[in-house]
Amino acid sequence: MNENGRHKVIVITGASSGFGRAAAERLASGGHHVYGLSVDAVRPARSHEGRLQHVRVDIRSDAQVKGAIRAIIRNEKRIDVLVNNAGIGVAGAVEETSTDEAHDLFEVNFWGLHRLCRLVVPQMRRQGSGTIVNVSSLAGFQAIPFQGFYSASKFAVEGISEALSMELKPFGIRVCVVEPGDAATSFVRNRLYSRQSNRSAYGGRFHSVMRTVERDEENGMAPDVVGRCIARIAERGPRRFRYMVGDPLQRAAVRVKHLVPHALFEGGALLVFGASGGLRKLAG
């Protein structure tokens with residue numbers, strides 16, 4: 001409930017699957033009015049009808065986002081929580097990813113978040129309250145080889161979230177980031193590959209790293225672990241700025257990144273990702 005004891009009005013992007021769907025269903029079950037924005041039309045479970053509405057929106061479109069947010073404000077008169085969760089992945093070496101491919105990824109992972117904030121923040125300022133939850137990733141702390149642009153987009157989410165938090169705090173708006181590790185979602189199935197990666201100059205290293213990454217993701221935590229974290233923040237408000245969620249070893253690794261020499265940390269990362277060719281160059 002919000003500060004007046006009423007249900008909260010919550011907007012979640014990328015709510016058709018994974019973390020977003022898990023959070024949306026939990027929050028709707030708790031009696032909140034949840035609007036799930038996604039490019040896919042999803043029919044809510046019968047038990048959620050009336051509290052969970054899936055709205056077909058492409059967050060790359062200014063017009064579609066504006067229309068959806070204006071309609072929600074017109075119907076509800078407020079937005080208590082915004083969860084920027086939508087994201088896509090593109091695999092490929094940095095040099096083998098075209099500007100267009102990188103741009104398309106940032107349109108969803110970063111500029112989509114910005115579009116939502118530009119439209120929702122003015123309403124939250126008028127209310128004098130609100131919570132923004134930006135879903136980042138542990139890849140926003142430690143880049144993943146051959147997912148350089150995905151990592152860069154999450155580094156960008158971290159940076160804009162820190163700025164937003166400082167800018168909006170005087171208006172009673174709280175900002176936090178949720179940083180998941182590996183999770184068994186549809187992300188692996190939906191991941192795009194750069195067009196040039198099918199004839200990559202990186203050969204076996206590229207394929208070895210991606211096999212490791214996808215294996216870890218497929219054996220990762222259930223999406224509801226992250227969905228539960230997001231729902232708790234939405235209901236209670238953030239108690240801190242960062243919420244790392246996932247395997248304890250992964251969380252520990254990103255925490256020690258700045259405590260050890262870069263060459264040592266990079267060597268360990270290359271071992272973990274199975275990029276042994278890089279280790280030989282590092283040693284040489």
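This passage walks through the strand pairing, charged contacts and backbone details of a predicted model.

The strands around β4 make a good starting point. Strand β4 spans residues 81-84, and two other strands pair with it. Strand β1, made up of residues 9-13, runs parallel to β4 and is joined to it by three bridges. In this pairing, Val 11 stands opposite Leu 82 of β4. Strand β6, residues 130-135, also pairs with β4 in the parallel sense, here over four bridges. Asn 84 has Asn 134 of β6 opposite it. In a regular strand, side chains alternate between the two faces of the sheet. In β4, Val 81 and Val 83 lie on one side, while Leu 82 and Asn 84 lie on the other. Both of these faces are covered, and the four residues are all buried.

Two loop residues catch the eye for their backbone geometry. Most residues other than glycine have a negative phi. Lys 77, however, has a positive phi near 70 degrees. This lysine is found in the loop between α2 (62-76) and β4. With a relative accessibility of 61%, Lys 77 counts as exposed. Phe 146 also has a positive phi, of about 70 degrees, although it is not a glycine. Its place is in the loop between β6 and α4 (148-168). Is Phe 146 buried or exposed? The relative accessible area of Phe 146 is 8%, so this residue falls under the 20% limit and is buried.

Charged contacts come next. Side chains of opposite charge can pair when their charged atoms come close. A search of the whole structure finds 14 salt bridges, and several of them connect parts of the chain that are well separated in sequence. One of them joins Asp 224 to Arg 26, with the closest N and O atoms 2.9 Å apart. Asp 224 belongs to helix α7 (residues 223-236) and Arg 26 to helix α1 (residues 18-29), so this pair ties together parts that are 198 residues apart in sequence. Both partners are partly exposed: Asp 224 has a relative accessible area of 27%, and Arg 26 has a relative accessibility of 36%.

A further salt bridge links Glu 101 with Arg 195, where the closest N and O atoms are 3.5 Å apart. Glu 101 lies in helix α3 (residues 99-127), whereas Arg 195 lies in the loop between β8 (192-193) and α6 (203-218); the pair therefore ties together parts that are 94 residues apart in sequence. The surroundings of the two partners can be set side by side. Glu 101 is buried, with a relative accessible area of 10%, whereas Arg 195 is exposed at 57%.

Glu 158 and Arg 242 form another salt bridge, with 3.0 Å between the closest N and O atoms. This pair links distant parts of the chain, as Glu 158 is in helix α4 and Arg 242 is in strand β9 (residues 242-245), 84 residues apart. Salt bridges that share partners join these two residues with Glu 162 and Glu 179 into one network. Within this network, Glu 158 is buried, with a relative accessible area of 5%, and Arg 242 is partly exposed, with a relative accessibility of 28%.

Other arginines contribute to a patch of like charge. Which residues form the positive surface patch? The patch is formed by Arg 174, Arg 232, Arg 236 and Arg 239. Among them, Arg 174 is found in strand β7 (residues 173-180). Arg 174 is partly exposed, with a relative accessible area of 42%.

Two helical residues round off the description. Gly 112 lies in helix α3, the helix that also holds Glu 101. With a relative accessibility of 0%, Gly 112 counts as buried. Gly 112 and Phe 149 are 37 residues apart in sequence, and their C-alpha atoms are 15 Å apart in space. Arg 215 lies in helix α6 and is partly exposed, at 45% relative accessibility. Between Arg 215 and Val 188, the separation is 27 residues in sequence and 9.2 Å in space, C-alpha to C-alpha.

How values were computed: Residues are numbered from 1 along each chain as its sequence is written. This is a predicted model: local features need pLDDT of at least 70, side-chain atom pairs count only at pLDDT 80 or more; totals for chains, interfaces and linings use all residues. Side-chain values use heavy atoms; hydrogens and water are left out. Buried means under 20% relative accessible area, exposed over 50%, partly exposed in between (1.4 Å probe, protein chains only). Two strands pair if DSSP finds at least two bridges between them. Patches are made of residues with over 30% relative accessible area and no salt bridge: like charges are joined within 9 Å, nonpolar side chains (Val, Leu, Ile, Met, Phe, Trp, Tyr) within 5 Å. Accessible areas come from the Shrake-Rupley method with a 1.4 Å probe; for residues, only the protein chains shown count as cover. A salt bridge is a side-chain nitrogen of Lys or Arg within 4 Å of a carboxyl oxygen of Asp or Glu. Lys and Arg count as positive and Asp and Glu as negative; His and the chain ends are not counted. The place of a charge is taken as NZ of Lys, CZ of Arg, CG of Asp or CD of Glu.
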